[in-house]
Amino acid sequence: MQSDPFRRAAAYWSRKRAGRRFPPKDEIDPAQLGAAALHVAIVDMVDGDYLHRYAGAAVERALAIGMQDLSASALEAQRPAFKAWRNGLESARALGAPHMANLDIDGRRARVAFLPVAASAADDRVDQVFAVVEGLPPG
C-alpha cells in the first residue's frame, strides 16, 4: 500500500504529463506539491552523472543520507549500496518509462517511483528524473 504523499506526488507527475509521454522539466516545481514535496527528489543528468537538484526531507530520512546538490557518483563513493539508486535513475532515463523499485540501501528500505522528465515540451529526451520515495519498515 502506498502512502498519501507518495500517491499525491506520483499523481502530480501524471497530471503534468498532460497526455505527453512525460512532462517537461520546466513544468516540474516541488513548491506545487505542498507536503508531498518532502517525498520527492529531482535529479538532473549533468555531464554523464546525476545531480540531485532537490531532495525532500522524507527522502533523505528514508535513505539516511543528505542528497541535495550531490552527484550519484558522490553518493556511491560514500555508500556503495547507492548503486541501486543510480540503476533506478538510469532505467527511467534510458528507457524513457517509469521504473518502480523496492530498494534496500544499507538496511534502509524504500519504495521508489523513478519517473522520467523531458528536457522541454519540444524535446522529449529524458534529462531529469522525478523520484518519489516512501520509506518502508525494516524487514
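**Exercise 1. Locate Gly96 and describe its surroundings.**

Solution. Step 1: Gly96 lies in the loop that connects H4 to E3; helices (H or I, at least four residues) and strands (E, at least two) are DSSP runs, numbered from the N terminus. The model is predicted, so local features need pLDDT of at least 70 and side-chain atom pairs count only at pLDDT 80 or more, while totals for chains, interfaces and linings use all residues. Residues are numbered from 1 along each chain as its sequence is written, and side-chain values use heavy atoms, with hydrogens and water left out.

Step 2: With a relative accessible area of 12%, Gly96 is buried. The classes are buried (under 20% relative accessible area), exposed (over 50%) and partly exposed (in between), with a 1.4 Å probe and protein chains only.

Step 3: Leaving out residues up to four places away in sequence, Gly96 touches Arg21, Phe22, Ser91, Pro116 and Val126; contact means heavy atoms within 4.5 Å. One of these, Pro116, is 20 residues from Gly96 along the chain, and their C-alpha atoms are separated by 6.0 Å.

**Exercise 2. State the order of the five strands in the sheet and the sense of their pairing.**

Solution. Step 1: The open sheet has the order E2-E1-E5-E4-E3, with antiparallel pairing. Two strands pair if DSSP finds at least two bridges between them.

Step 2: Strand E2 (49-55) and strand E3 (99-105) are the edge strands, each pairing on one side only. From one strand to the next, the twist averages 30 degrees.

Step 3: Strand E1 (residues 40-46) is joined to strand E5 (residues 126-136) by five bridges. Across this pair, Ile42 stands opposite Phe130, and Asp44 has Gln128 as its bridge partner.

Step 4: Ten bridges link E4 and E5 in the antiparallel sense, and Phe114 stands opposite Ala131 in E5. As for burial, ten of the eleven residues of E5 are buried.

Step 5: E3 and E4 are antiparallel over seven bridges; here Asp104 is paired with Arg109 in E4. These two strands form a hairpin with two residues between them, and Asp106 in the turn has a positive phi of about 55 degrees.

**Exercise 3. Determine which residues of H1 are buried and what they pack against.**

Solution. Step 1: Helix H1 (residues 4-17) lies across E1, E3, strand E4 (108-118) and E5, and runs at about 165 degrees to E5. Axes are lines fitted to C-alpha atoms, for helices over the stretch in contact, and angles run from 0 to 180 degrees between N-to-C directions.

Step 2: At 1.5 Å a residue, the 14 residues of H1 should span 20 Å, and the end C-alpha atoms are indeed 20 Å apart. The expected span is 1.5 Å times one less than the number of residues.

Step 3: The buried residues of H1 are Phe6, Ala9, Tyr12, Trp13 and Lys16. They are on the same side of H1 because they cover an arc of only 125 degrees around the axis; the arc is that of the directions from the helix axis to the C-beta atoms.

Step 4: These buried residues pack against E1, E3, E4 and E5.

**Exercise 4. Identify the residues with the most contacts inside the largest nonpolar core.**

Solution. Step 1: The largest nonpolar core has 24 residues, and Leu63, Met67, Phe82, Trp85, Val112 and Phe114 have the most contacts inside it. Such a core is a set of buried Ala, Val, Leu, Ile, Met, Phe, Trp, Tyr and Cys residues joined through side-chain atoms within 4.5 Å.

Step 2: At least two residues of this core come from each of E1, E2, helix H2 (57-63), helix H3 (72-78), helix H4 (83-95), E3, E4 and E5.

Step 3: A second, separate core of 18 residues includes Trp13, Ile28, Ala118 and Phe130.

Step 4: Beyond its neighbours within four places in sequence, Trp85 contacts Ala41, His52, Leu63, Met67, Leu103, Ile105, Val112, Phe114, Ala131 and Val133.

**Exercise 5. Compare the settings of Ala18 and Ala64.**

Solution. Step 1: Ala18 is in the loop between H1 and E1, whereas Ala64 is in the loop between H2 and H3.

Step 2: Phi is positive in each of these non-glycine residues, near 50 degrees for Ala18 and near 55 degrees for Ala64.

Step 3: Ala18 counts as exposed because its relative accessibility is 59%. Ala64, with a relative accessible area of 40%, is partly exposed.
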